[in-house]
Amino acid sequence: MSTEPIVTEVRDRILTIRLNRADKKNAINGVMYKAMADAMIAGNADPEVRVILFTGTDGCFSSGNDLADFLNSPMDAGGGVVAQFMQSVVDAGKPVVAAVAGPAVGIGTTLLLHCDLIYAAEKTRFQLPFVNIGICPEFASSLMMPVIMGHPRAAELLLLGEPFTAAKAREYGLINEVLPEADVEAHARAQALKLAAQPPNAMRTAKALLKRWTREQVKDVIGIEVNHFVPMLQQPEAIEAIGAFVQKRKPDFSKFN
Ligand code: COA
């Protein structure tokens, strides 16, 4: 297995983008966002590629943005490589499939809001702990969560920020299917192969039509969220929450108003 944190492969007309930083639970740092954005843009332009598949390592999709990076590498006002990656996913004209297992936290869940077919292992642990760490929803999740599941469910997942199961993710319409962990990637790949065998122009047209009603709004909302998110990272609530994670202690928000 490669030691690169993002591993890409084109095989059978499927571009696989694998998060491969298992020692940090596939936490995504700046280098990884850039590599994924570049892979998305190249895959979208490559006529050999008909489907894009996101996956992780054994039993782990992603623990979300690298929290140490949040503290140590202040994000550009416009969101920098994170925003570039989001843009590349929103701009994908080809179908995007995800195979998810283990932790899928923060952007490890919000990425799925922009995929087309999503398969998760029974033991997947989704979580959207933005408020919990003193920041706000990103990747247009403040728009797409209520669109996909309605406000009460979106509020439950985004405001409480508690982990939730694959069964709940399916009930709430976030994913397509729950499978035994050993079968998830193979099933997602089999579904991707079916998509790759479809007529490609008809596929791209259907995807463009499906996304037509939300695409421009998604782009706007990503920008609006970034305008909140980036300054919030410098505020005491986020510094306390992220510092607590790095120092392996419980955060204390009792002193904030
Ligand atoms: N950023 C940076 N490092 C992370 C990380 C993240 N998002 N998530 C996990 N890691 C690191 C841990 O610090 C630890 O590193 P160490 O071995 O050098 O101490 C290693 O990955 C393993 O993590 P650990 O917490 O021991 O694994 P776990 O199986 O007990 O828990 C998670 C896994 C994902 C539930 C837990 O790590 C977690 O909650 N991570 C933070 C998620 C988060 O808040 N993401 C940001 C959302 S915006």
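# Ligand contacts, salt bridges and a few local details

A nitrogen atom of the ligand sits 2.8 Å from a polar backbone atom of Leu67. This is a predicted model, in which local features need pLDDT of at least 70 and side-chain atom pairs count only at pLDDT 80 or more, while totals for chains, interfaces and linings use all residues. Residues are numbered from 1 along each chain as its sequence is written, and side-chain values use heavy atoms, with hydrogens and water left out.

## Around the ligand

Leu67 has company. For Ser63, a backbone N or O atom lies 2.8 Å from a nitrogen atom of the ligand, and a polar backbone atom of Asn65 is 3.1 Å from a ligand nitrogen. (A polar contact is a pair of N or O atoms within 3.5 Å; within protein, one must be able to donate a hydrogen and the other to accept it, and residues adjacent in sequence count only if both atoms are side-chain atoms.) Taken alone, the ligand exposes 870 Å², and the protein buries 68% of that. These areas come from the Shrake-Rupley method with a 1.4 Å probe; for residues, only the protein chains shown count as cover. In total, 17 residues surround the ligand, the closest being Lys24, Ser63, Asn65, Leu67 and Lys248; a residue counts if one of its heavy atoms lies within 4 Å of the molecule.

## Salt bridges

How many salt bridges does a search of the whole structure find? There are 11, each with a side-chain nitrogen of Lys or Arg within 4 Å of a carboxyl oxygen of Asp or Glu.

Asp12 and Arg189 make one of them, with their closest N and O atoms 3.3 Å apart. Asp12 sits in the loop between β1 (6-11) and β2 (14-19), and Arg189 belongs to helix α8 (residues 181-197), so this pair ties together parts that are 177 residues apart in sequence. (Helices, H or I with at least four residues, and strands, E with at least two, are DSSP runs numbered from the N terminus.)

Two other bridges run between helices α6 and α7. Arg153 meets Glu171 at 3.4 Å, N to O. Arg153 is in α6 and Glu171 in α7, so the pair ties together parts 18 residues apart in sequence. Lys168 pairs with Glu156, and here the closest N and O atoms are 2.5 Å apart. That pair links Lys168 in helix α7 to Glu156 in helix α6, 12 residues apart. Back at Asp12, salt bridges that share partners join Glu9, Arg11, Asp12 and Arg189 into one network.

Here is how open to solvent these partners are. Buried means under 20% relative accessible area, exposed over 50%, and partly exposed in between (1.4 Å probe, protein chains only).

| Residue | Class | Relative accessible area |
|---|---|---|
| Asp12 | partly exposed | 45% |
| Arg189 | buried | 14% |
| Arg153 | partly exposed | 30% |
| Glu171 | exposed | 54% |
| Lys168 | partly exposed | 25% |
| Glu156 | partly exposed | 26% |

## Helix α6 and its neighbours

Besides those bridges, α6 (residues 151-160) has a buried set: Ala154, Ala155, Leu157 and Leu158. As for the spacing, an α-helix has 3.6 residues a turn, so residues three or four places apart point the same way. What do the buried residues of α6 pack against? Their partners are α5 (141-149), β8 (164-165) and α7 (166-171), with contact meaning heavy atoms within 4.5 Å. Just after α6, Gly161 takes a positive phi of about 65°.

## Asn20, a buried polar side chain

Asn20 lies in the loop between β2 and α1 (30-45). Is Asn20 buried or exposed? With 10% relative accessibility, Asn20 counts as buried. The Asn20 side chain reaches the backbone oxygen of Ser2 at 2.7 Å and the backbone oxygen of Glu4 at 2.8 Å. Leaving aside neighbours within four places in sequence, Asn20 touches Met1, Ser2, Thr3, Glu4, Pro5, Val7, Asn26 and Thr57.

## A nonpolar patch, and Gln87

On the surface, Leu71, Ile239, Phe245 and Val246 make a nonpolar patch of about 360 Å². (Patches take residues with over 30% relative accessible area and no salt bridge, joining like charges within 9 Å and nonpolar side chains, Val, Leu, Ile, Met, Phe, Trp or Tyr, within 5 Å.) Helix α10 (residues 236-246) gives the largest share, three residues. Ile239 is found in α10 and is partly exposed at 42%.

Lastly, Gln87 lies in helix α3 (residues 80-90) and is partly exposed at 33%. The C-alpha atoms of Gln87 and Val226 are 12 Å apart, with these positions 139 residues apart along the chain.
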